[in-house]
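Subject: Structure for you to look at

Hello,

Here is the structure I said I would pass on. Please open it first, then read my notes below.

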Amino acid sequence: MKRRAFISLLGCTAAAWPLAAGAQQPAMPVIGFLGAGSPGPFAPQVAVFRQGLAEAGYVEGRNVTIEYRWAEGQYDRLPAMAAELVHRQVAAIVTFPIPAAIAAKAATATIPIVFNVAGDPVKLGLVAGLARPGSNATGVNSFLAELGAKQLGLLRELLPTAARIGLLVNPTNANVEGVTKDVTAAAAPLGVQIDVVQASDSREIEAAFATLVGNKTNALLIGSDAFFISRRVQLATLTTRHAIPAVQNLRAFAEVGGLMSYGTSLTEVFRQLGVYTGRILKGAKPADLPVVQSTKFEFVINLPTARALGIEIPPTLLARADEVIE
């Protein structure tokens with residue numbers, strides 16, 4: 001080979017080295033985020049999730065990509081969305097709440113799933129045990145579904161003479177039977193009748209309130225559900241319009257004008273989801289990561305709403321509140 005030709009070939013080979021090296025670099029992992037609600041209402045929680053992910057060393061757009069899928073309260077869309085993420089071959093699927101977790105679990109037995117559920121993940125078939133999940137799923141149990149009895153007690157403390165209390169549930173949610181059973185059982189020794197009303201869209205929420213008004217319901221317990229969270233403004237408005245004191249599980253309900261909220265702090269829940277997802281991206285197996293049990297709860301009271309309803313909040317409730325909105 002002539003010297004000039006050899007030098008030319010060597011130059012071309014050297015120029016190709018950076019391209020080859022770049023091609024061998026590992027691809028940026030992709031996380032699938034499957035939510036049953038709407039992106040707007042859950043934007044603060046998603047931001048906290050990214051914060052937890054960053055604590056584990058992963059920053060969206062820098063060394064990890066997140067693909068979001070939102071069912072907008074239409075739970076029947078979740079199976080197709082979960083299948084889409086599986087087809088995309090994401091590194092992990094983060095789900096919220098129960099319907100999303102169930103859809104993801106049905107879609108894959110191999111891709112890691114990090115869930116937030118408001119119910120027993122063992123009974124839901126997501127894990128074999130809390131200490132050792134033993135499958136491709138783990139996450140956080142936020143206990144929201146189990147708090148119905150506590151919320152009922154708060155309503156009764158607020159209104160000692162209340163004889164009829166409504167329970168609003170979403171019939172498409174997997175926890176509806178358990179919540180209804182728990183609240184009804186807790187109401188029996190108090191001599192309280194529970195009026196169960198159902199809604200899975202905005203029109204049905206309006207119809208449910210018409211039923212409550214017709215039944216002369218004294219107060220309302222709004223069940224744990226992603227759709228209800230996304231419709232919290234509508235719910236808060238209707239409770240004030242119809243003068244029905246209500247409690248929901250998340251502080252966001254009280255922040256937009258609902259009377260009271262009592263439930264798990266979603267800030268801590270979503271931070272933990274981010275941390276667990278980061279650990280899985282680093283090689284940890286969901287089967288070996290214990291399901292985290294939420295321990296931080298928040299009780300919030302909205303005083304302007306109480307005044308609008310003509311209700312005086314007992315000092316005992318005010319003293320126990322984590323926050324009183326003035």
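Start with the beginning of the chain: over residues 1–25 the pLDDT stays under 50, and the model has 2 contacts beyond four places in sequence for that stretch. Keep in mind that this is a predicted model. Averaged over the protein chain, the pLDDT is 90, and 91% of the residues score at least 70.

Next, the interior. In soluble globular proteins, nonpolar side chains tend to be buried together. Here the largest nonpolar core has 67 residues, and L34, L168 and F270 are those with the most contacts inside it. Helix α11, residues 266–281, gives the most to this core, with 7 residues. Another core, of 31 residues, lies apart from it; L154, V176, A219 and A321 are among its members.

Which residues does L34 touch, not counting those up to four places away in sequence? They are R69, L78, M81, A82, L85, I93, V94, T95, F96, A100 and A104.

Last, a pair of helices. The axes of α2 (residues 43–55) and α11 come within 7 Å and cross at roughly 40 degrees. That angle is why α2 counts as oblique to α11. The crossing of α2 past α11 is right-handed. On the α2 side, the contact is made by Q45, V48, F49, Q51, G52, L53 and E55. On the α11 side, the residues are L266, T267, F270, R271, L273, G274, V275, T277 and G278. F270 therefore appears twice in these notes: in the contact with α2 and among the residues with the most contacts inside the largest nonpolar core.

Regards

Note on methods:
Residues are numbered from 1 along each chain as its sequence is written. This is a predicted model: local features need pLDDT of at least 70, side-chain atom pairs count only at pLDDT 80 or more; totals for chains, interfaces and linings use all residues. Side-chain values use heavy atoms; hydrogens and water are left out. A nonpolar core is a set of buried Ala, Val, Leu, Ile, Met, Phe, Trp, Tyr and Cys residues joined through side-chain atoms within 4.5 Å. Buried means under 20% relative accessible area, exposed over 50%, partly exposed in between (1.4 Å probe, protein chains only). Helices (H or I, at least four residues) and strands (E, at least two) are DSSP runs, numbered from the N terminus. Contact means heavy atoms within 4.5 Å. pLDDT is the predictor's confidence in each residue, from 0 to 100. Axes are lines fitted to C-alpha atoms, for helices over the stretch in contact, and angles run from 0 to 180 degrees between N-to-C directions. Angles under 35 degrees count as roughly parallel, over 145 as roughly antiparallel, 65 to 115 as roughly perpendicular and the rest as oblique. A crossing is left-handed if the near helix is turned anticlockwise from the far one by less than a right angle, and right-handed if clockwise.
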